[in-house]
4 protein chains.
Amino acid sequence: MPKLGMEPLRRRALVAATIAEIGAVGSLEVTVSNIARRAGVSSALAHHYFGSKDKLFLAAMRAVLTDFGAEVRAALRGVRDPRQRLSAIVRVSFSETSFRPEVIAAWLNFYVHAQNSDETQRLLRLYQARLHTNLMHALRPLAGPRADTIARTTAALIDGLYIRQALRDPAPDARRAVQLVTDYLDDALAASAPLPERTPA
Amino acid sequence: MPKLGMEPLRRRALVAATIAEIGAVGSLEVTVSNIARRAGVSSALAHHYFGSKDKLFLAAMRAVLTDFGAEVRAALRGVRDPRQRLSAIVRVSFSETSFRPEVIAAWLNFYVHAQNSDETQRLLRLYQARLHTNLMHALRPLAGPRADTIARTTAALIDGLYIRQALRDPAPDARRAVQLVTDYLDDALAASAPLPERTPA
Amino acid sequence: MPKLGMEPLRRRALVAATIAEIGAVGSLEVTVSNIARRAGVSSALAHHYFGSKDKLFLAAMRAVLTDFGAEVRAALRGVRDPRQRLSAIVRVSFSETSFRPEVIAAWLNFYVHAQNSDETQRLLRLYQARLHTNLMHALRPLAGPRADTIARTTAALIDGLYIRQALRDPAPDARRAVQLVTDYLDDALAASAPLPERTPA
Amino acid sequence: MPKLGMEPLRRRALVAATIAEIGAVGSLEVTVSNIARRAGVSSALAHHYFGSKDKLFLAAMRAVLTDFGAEVRAALRGVRDPRQRLSAIVRVSFSETSFRPEVIAAWLNFYVHAQNSDETQRLLRLYQARLHTNLMHALRPLAGPRADTIARTTAALIDGLYIRQALRDPAPDARRAVQLVTDYLDDALAASAPLPERTPA
DNA sequence: AATGAATGAGGATTCATTCAT
DNA sequence: GATGAATGAATCCTCATTCAT
């Protein structure tokens, strides 16, 4: 029962199915057929709308990054205090939207995919650059010349906590992840500023 | 012209070729044929010795971890001072053996592979546990109750720095990576200990 | 915004697009979608009007033959002298309408298609029969018993010159083609006329 | 029961099967699977040895041309008289090896394929060039300045007779084809030379 | 010890065709 | 009259794996 205006719906469904499938399988070795089945359509339709498996991956990745970016912007909206902005960034990095097993798995796989896809690489760099910008904006007033180092460390720490979740032993523990990064930031800022103010855990 | 005692040589060559191929291709989507060609043998021989592609992967992974473990042990041998032991661990983590593009790529891919291979998962956990043990051993005298947190943060940070190198933008910068982790440790230990002693960059 | 009386326009457009597409692609491996796009309509419409890809091909072929037939009739109209009728037939065979790369390509492909389509085969035979009739009509007074042989040779020569153009090396050279056939006819008729009487094959 | 040294056998079998299949189907729309089945092997093996469908086509075409070239050389060996050389060329063009329905169909399809394959185009040009050279060699002493025209006409005539056989109405009639070309040559040479010597049919 | 030969299974992709609107 | 939506069927191609030698 074909209807008009299905395209955006199908696209969204296929993108969601792609992320879910990558998450479920745990690698990029997913079949277009399975993704399509998950989205309730034929594999031919996936090709009809996206042209190729690779383009579908790219669309999925863009969706993940777009979602993340939107969440960050929302979380930062109206927050002026640098320390609170930092907290917001960290919190969103491990939010329920992003820090789910399937998204984590997708994320990890996108890093792998970046090794062979310029566009994926570009997207990941874009994400990193944005994160860095956001962190720097908040860190500069707090850490002065050490801002850059702290920003890089924080970003690496976040990625490291993601990759470690990929082992899936315990369910991803967002709380603990946030805590670790927060602790790190406390220490780092304490060491940078004359009058460290420790935030309560 | 088959010779006697070739087995260990072939095995080693195939394992090395596996790592190299994964590194070159940037994903686990490598073919046994290509690995075998790289090792200068037929793909049938790879199966003869390892039984399956998966077993070959596992062997490669074990080799990486074994090498790393050996390097760590060597670096720690004779070093008693906790802070120096910490430095040694960090240094080895970014040593020339491990922090090469191809090994980084292999590493990243093993994390992916772990999603579907219990044995790979077990191996990665083993690596993590050993690293944790080593870190704790050195951190306990320095950071007391905070040792665990710092150890986890350090481990995540190392993994995060690895994954970030996977984007291959600049060649892997081991020096900078070591510096970041060292800085982190300085701050963390400064915050933990009564009398922080900053190590010179 | 569908309009009334569109059918003949659409049909013509689709038929023209079919020939053009076959010519452009150089084989029958054209898609209905591409043909339809070229005609500015949806592929569904092509099916609506023609029922199937094959029927569309047939329609295109009929169009080519009809055009050719009409051109021949026009060229022969009012011409009474046998030698001039011969010339007219040859001229039309390499006229600007027919001897264009795309039509040549289509022609060649119709010969291929005839291998599997009775209807196409029938059409090509019809074309051949008509050409033969026309040639015979003009040749009988000029060559008597040799008319049949000369007619067959002329027809084969024309087809041969077509197929050779399919290699597209130089742009089709109609002038030269006409010249070759004319020369042939001159020789053949010279050998047939007044004195020499050829032995029957 | 795999044996050693199968490669050349398989290659030959696959090439023969390709020609046969194209001949049977009457177009290039044959599947590798069917070709392979005809050769008694799996489609995977066809890819193993030839790399792709297109390469297999090319190999088949080369085989056809090579066979034809060898036959021509054999027929010309030891023949010195120009008129007899001409006859030999014509005879071989319609020999039992070449003028079979399946080879005719393959031939026709190679002309089509040439529209999209540079290599096929190159091969066909090569065939044309060789034929032209052979014809010229024999015609120059007989027709002087008209040799070129006669050679081109003869070549086109041969191709035209081939394409006409593609309609398959009657089984290919080699005798008649040879006769037509011979008659043509007689006329043309009669018109060129002062003292035509008619060869007996 | 080592490999060439061979294949089954599987996956991306294409496309003619159908149908509800 | 016209089309977007949708798919089943096909086809090329790849690859891990097996086996006889």
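Q: Before we start, what counts as near a strand here?
A: A residue is near a strand if one of its heavy atoms lies within 4 Å of that strand. The model itself is predicted.

Q: OK, how many residues surround DNA strand F?
A: There are 37 of them. The closest are A:Arg10, A:Ser42, A:Ala44, B:Lys53 and D:Lys53.

Q: And which part of DNA strand F comes within 4 Å of the protein, by share of atoms?
A: Sugar and phosphate make up 73% of the atoms of DNA strand F that come within that distance of the protein.

Q: Which side chains have an N or O atom by a phosphate oxygen of DNA strand F?
A: Two histidines can be named. For B:His47, an N or O atom of the side chain is 3.0 Å from a phosphate oxygen of DNA strand F. For D:His47, the corresponding distance is 2.9 Å.

Q: What about the backbone of D:Lys53?
A: A polar backbone atom of D:Lys53 is 2.9 Å from a phosphate oxygen of DNA strand F.

Q: Which elements supply the surface near DNA strand F?
A: At least two residues each come from helix H1 (7-25) and H3 of chain A, and from H3 of chains B, C and D. The largest share, 4 residues, comes from H3(C).

Q: How do those residues divide by class?
A: The surface near DNA strand F has 19 nonpolar, 11 polar and 7 charged residues.

Q: Now DNA strand E. How many residues surround that one?
A: DNA strand E is surrounded by 38 residues, and the closest are A:His47, A:Lys53, B:Arg10, D:Arg10 and D:Ala44. Of the atoms of DNA strand E that come within 4 Å of the protein, 72% belong to sugar and phosphate.

Q: What do A:His47 and A:Lys53 do there, atom by atom?
A: An N or O atom in the side chain of A:His47 is 2.9 Å from a phosphate oxygen of DNA strand E. For A:Lys53, a polar backbone atom is 2.8 Å from a phosphate oxygen of the strand. C:Lys53 also has a backbone N or O atom 2.9 Å from a phosphate oxygen of DNA strand E.

Q: Which elements give two or more residues to the surface near DNA strand E?
A: Those are helix H3 (43-50) in each of chains A, B, C and D, together with helix H1 (7-25) of chain D. The largest share comes from H3(B), with 4 residues.

Q: And by class?
A: Near DNA strand E the count is 19 nonpolar, 12 polar and 7 charged residues.

Q: Switching to the protein contacts. How many residues do chain A and chain B put in?
A: Chain A gives 44 residues and chain B gives 44 residues. Between them they bury about 3,800 Å², with 58% of that on carbon and sulfur atoms.

Q: Which three residues of chain A supply the most of that area?
A: A:Gln115, A:Arg164 and A:Leu167 together supply 21% of what chain A buries against chain B.

Q: How many salt bridges cross that interface?
A: The rule finds 6. One of them joins A:Arg146 and B:Asp187, whose closest N and O atoms are 2.9 Å apart. There are also 12 residue pairs in polar contact across the interface.

Q: Which helices of chain A are on that side?
A: Helix H6 (101-114), helix H7 (118-143), helix H8 (147-165) and helix H9 (174-192) each supply at least two residues. H8(A) has the largest share, 12 residues. By class, this side of chain A has 21 nonpolar, 10 polar and 13 charged residues.

Q: How are chain A and chain B related?
A: A turn of 180° with a shift of 0.0 Å along the axis lays chain A on chain B, with an RMSD of 0.1 Å. In chain A, A:Gly160 comes closest to the rotation axis, its C-alpha being at 1.7 Å.

Q: Why can one say that the copies meet through the same surface?
A: Because 100% of the interface residues of chain A are also interface residues in chain B.

Q: What about chain D and chain C?
A: Chain D superposes on chain C by a rotation of 180° with 0.0 Å of shift along the axis, and the RMSD is 0.1 Å. That is the relation of a two-fold axis. The C-alpha of chain D nearest the axis belongs to D:Gly160, 1.8 Å away. Of the contact residues of chain D, 98% recur in chain C.

Q: Last one: how far apart are chain A and chain C?
A: They do not touch, and their nearest C-alpha atoms are 13 Å apart. Chain B and chain C do not touch either, with 33 Å between their nearest C-alpha atoms.

Conventions
Residues are numbered from 1 along each chain as its sequence is written. Chains are lettered from A and ligands numbered from 1 in the order in which they are written. This is a predicted model: local features need pLDDT of at least 70, side-chain atom pairs count only at pLDDT 80 or more; totals for chains, interfaces and linings use all residues. Side-chain values use heavy atoms; hydrogens and water are left out. A polar contact is a pair of N or O atoms within 3.5 Å; within protein, one must be able to donate a hydrogen and the other to accept it, and residues adjacent in sequence count only if both atoms are side-chain atoms. Ala, Val, Leu, Ile, Met, Phe, Trp, Tyr, Cys and Pro count as nonpolar, Asp, Glu, Lys and Arg as charged, and the others, Gly among them, as polar. Contact means heavy atoms within 4.5 Å. Buried area is the accessible area (1.4 Å probe) that two parts lose on being put together, summed over both. A salt bridge is a side-chain nitrogen of Lys or Arg within 4 Å of a carboxyl oxygen of Asp or Glu. Copies are superposed by least squares on the C-alpha atoms of residues with pLDDT of at least 70 in both.
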